[in-house]
Structures are given as structure tokens and as C-alpha cells.
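Open the model in your viewer and keep the selection box handy. We'll go from the overall view to single side chains and back out again.

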Amino acid sequence: MSRIGIIGAGAVGLLLASYLAEHHQITLYTRQLDDGTKRILRDDQWSPTVKVRPIAHFESQDLVFVTTKSYDIKSVIPYLEHEKNPVVFLQNGMGHLDAARALPQAIFGVVEHGAMKTGPYEIRHTGKGRIRYGNHVLSMLKRDALQFEHVTNIEAVMVTKLFMNAVINPLTAYYGVENGRLLDEPYASKARAVFAEVRSVFPNHPITYDEIEQILKRTRLNRSSMLRDVEQGRMTEIDPIVGYVLKQATQPTPLLAYYFQEIKHREQEGDSL
């Protein structure tokens, strides 16, 4: 039984902990002062017990998942500098890559599950998919409910998800709509125009807009994480998603720049409340 640490008790962290606790010893590290044991309620089913520790008390693990928001990565790195075992980063966007690469044992992954946190240690598994990761095979991760899958080109997978996030998140957050509304006018034409701008930044990536539409259909009733962040006055991941695309651009991307500035403005409004 492997010892697995999970840094971050958001939706992804709780989802991982609830499933992995069935086969591994799990320690969930948070910024809270919780220090004891918990069981996670997932879809009305209780997980086995997991340890909960403050991040300041981090101890070496056989494997570590970092599930915090991208903007928290720099503050997490100091706790991992002496960790010799693999550390898997599961963030939206790609703005965290440079900071995470400070760790030679860093592995990058992409979460394709839907999850919604409904309480401090409660989670809903709203959509089943895969968790794909690169670098090297992690033998302790079996292809069970979470569907872990090693891929040889994780960066290509990350760019695919970047396209999806860069189209869906800022538009749903700006207009305050569920994902499925982007299939209908007037939002559909805006989504296509944003996709075209992202395509201009990554012209050789094979994703098509049809794939974006399939995601929108499958997640029609979902409220994107960026929309929920805006609604709750929290910092969003606009920087590691759209900000990253803007930094890679070599020609004007006015729509992306507009939505980036507008979401940043709403973040500032949320901070002032």
C-alpha cells in the first residue's frame, strides 16, 4: 500500500482522496489548521479514513499530487524541494509549468473528470473521464474509477485542454451562463471567434471546434470553475489559461485580451467587497 500525499482540498483533491483511499494511505494537506483524520463523502458514499495535515507539516510520500489552483503553485514549491519521489501537478491552463519545473521530479497531468465541492469534505463526481499524465509510468496508479492513463506527449494533451478552457471558462464567466449556452446564439459565434484566436496562437494543434462543441454538449448544465469563482468573489485562473495564451501570441488576439481584462477587473471588484 503506497503512501500518497494530496496537496489541496478543493474539488479535484477531494475527488482523488476519496477514490485513492480505497487502496492507499492518503494524507490530505491543506492550508487549514485541521490535524487529524477525516472521511470524505462522495456522492452519498463515505470514503475510508484519510489523514488531514496542515501543509506546513508536509512529510515525504511515495507519490504526491498537487491539486491547488495554478496561482498557488509558487507557495507550494518550498514544501516539496526535498521530496525525492514523483510529484504530479494537476492544474488548469499552462501558466504553472515554469514554476513546477523547478522540481526535477515534477510530472504534469490533465484531469478530465467533473467534480463539484459541496462541503468542507464533501464532493460530487459530476462527470467521469480520465486523468492523463506524462514523464514516466506510475505503477501504483491502477486504471480504476479515476482512469489513470500514461501518455507519451502530455504537453499536447495539455494544449488540447487549454483550448477548451480558453474558450469555455472566460465566456461562461463573463456572460454568467452555463456551458451549454455557448452552443446557442449570440454566444456560439463568440465562442467560435475566441477559438479562432487560440488557433492562431497554436496553428498546428489538431483540435477542431467540433471537439469543443462535444464538450459543451456533455457538460451542458455545468457551471465552469471560472464562473463559480467570479460569482463567489474569488481569484480565478484567467492568468494561467488566457494569460498563458496571450503570452504565446505573436499577432493580435483582441477578443482574448478583452475577456482577460474583463475577468481581471471582476477579480478586483471581488477583492474590494
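Here is a tour of the model, stop by stop.

**Before you click**

This is a predicted model, so local features need pLDDT of at least 70 and side-chain atom pairs count only at pLDDT 80 or more, while totals for chains, interfaces and linings use all residues. Residues are numbered from 1 along each chain as its sequence is written, and side-chain values use heavy atoms, with hydrogens and water left out.

**Stop 1: the whole protein**

Show everything as a cartoon. You should find nine helices and 13 strands; helices (H or I, at least four residues) and strands (E, at least two) are DSSP runs, numbered from the N terminus. The C-alpha trace spans about 50 × 35 × 35 Å along its principal axes. For 273 residues, a compact globule would have a radius of gyration near 19 Å, and the protein's 18 Å agrees (taken over C-alpha atoms; the globule rule is 2.2 Å times the number of residues to the power 0.38).

Now colour by accessibility. Of the 273 residues, 53% are buried, where buried means under 20% relative accessible area, exposed over 50%, and partly exposed in between, with a 1.4 Å probe and protein chains only. If you prefer a contact map, take contact as heavy atoms within 4.5 Å: among contacts with a separation of 6 or more, 57% are between residues 24 or more positions apart.

**Stop 2: helix H4**

Select residues 154-175, which form helix H4. How far apart are its end C-alpha atoms? They are 31 Å apart, in agreement with the 32 Å expected for 22 residues at 1.5 Å a residue; the expected span is 1.5 Å times one less than the number of residues. Look along the axis and you'll meet a kink of about 25°, centred on Asn 165 (the bend at a residue is the angle between axes fitted to the seven residues ending there and the seven starting there). Bring back the surroundings: 19 of the 22 residues of H4 are buried, so the helix is largely enclosed by the rest of the structure.

Stay in H4 and pick Asn 169. It counts as buried, at 6% relative accessibility. Leaving out residues up to four places away in sequence, Asn 169 touches Met 164, Ser 224, Ser 225, Met 226 and Ile 241. Asn 169 and Met 226 are 57 residues apart in sequence, yet their C-alpha atoms are 5.6 Å apart in space.

**Stop 3: just past H4**

Step to Gly 176, just after H4, which takes a positive phi of about 70°. Then select Asn 179, in the loop between H4 and helix H5 (187-201). Is Asn 179 buried or exposed? At 7% relative accessibility, Asn 179 counts as buried. Its side chain makes a 3.0 Å polar contact with that of Thr 219. A polar contact here is a pair of N or O atoms within 3.5 Å; within protein, one must be able to donate a hydrogen and the other to accept it, and residues adjacent in sequence count only if both atoms are side-chain atoms. Beyond four places in sequence, the residues touching Asn 179 include Ile 168, Thr 172, Leu 216 and Arg 220.

**Stop 4: H5 and the salt bridges**

Move on to H5, where the end C-alpha atoms are 22 Å apart, agreeing with the 21 Å expected for 15 residues. Buried residues in H5 include Tyr 187, Phe 195 and Val 201. Arg 192 is partly exposed, with a relative accessible area of 44%.

The whole structure holds 14 salt bridges, each a side-chain nitrogen of Lys or Arg within 4 Å of a carboxyl oxygen of Asp or Glu. One of them joins Glu 213 and Arg 192 at 3.3 Å, N to O. Glu 213 lies in helix H6 (residues 209-218) and Arg 192 in H5, so the pair ties together parts that are 21 residues apart in sequence.

Next, select Asp 229 and Arg 234, whose closest N and O atoms are 2.6 Å apart in a salt bridge. Asp 229 is buried at 2% relative accessible area, whereas Arg 234 is partly exposed at 37%. Add Lys 69 and Glu 237 to see the salt-bridge network that links these four residues.

**Last stop: H9**

Finish with Lys 264 and Glu 267, a salt bridge with its closest N and O atoms 3.4 Å apart. The two are three residues apart in helix H9 (residues 254-272), about one helical turn. Both Lys 264 and Glu 267 are buried.
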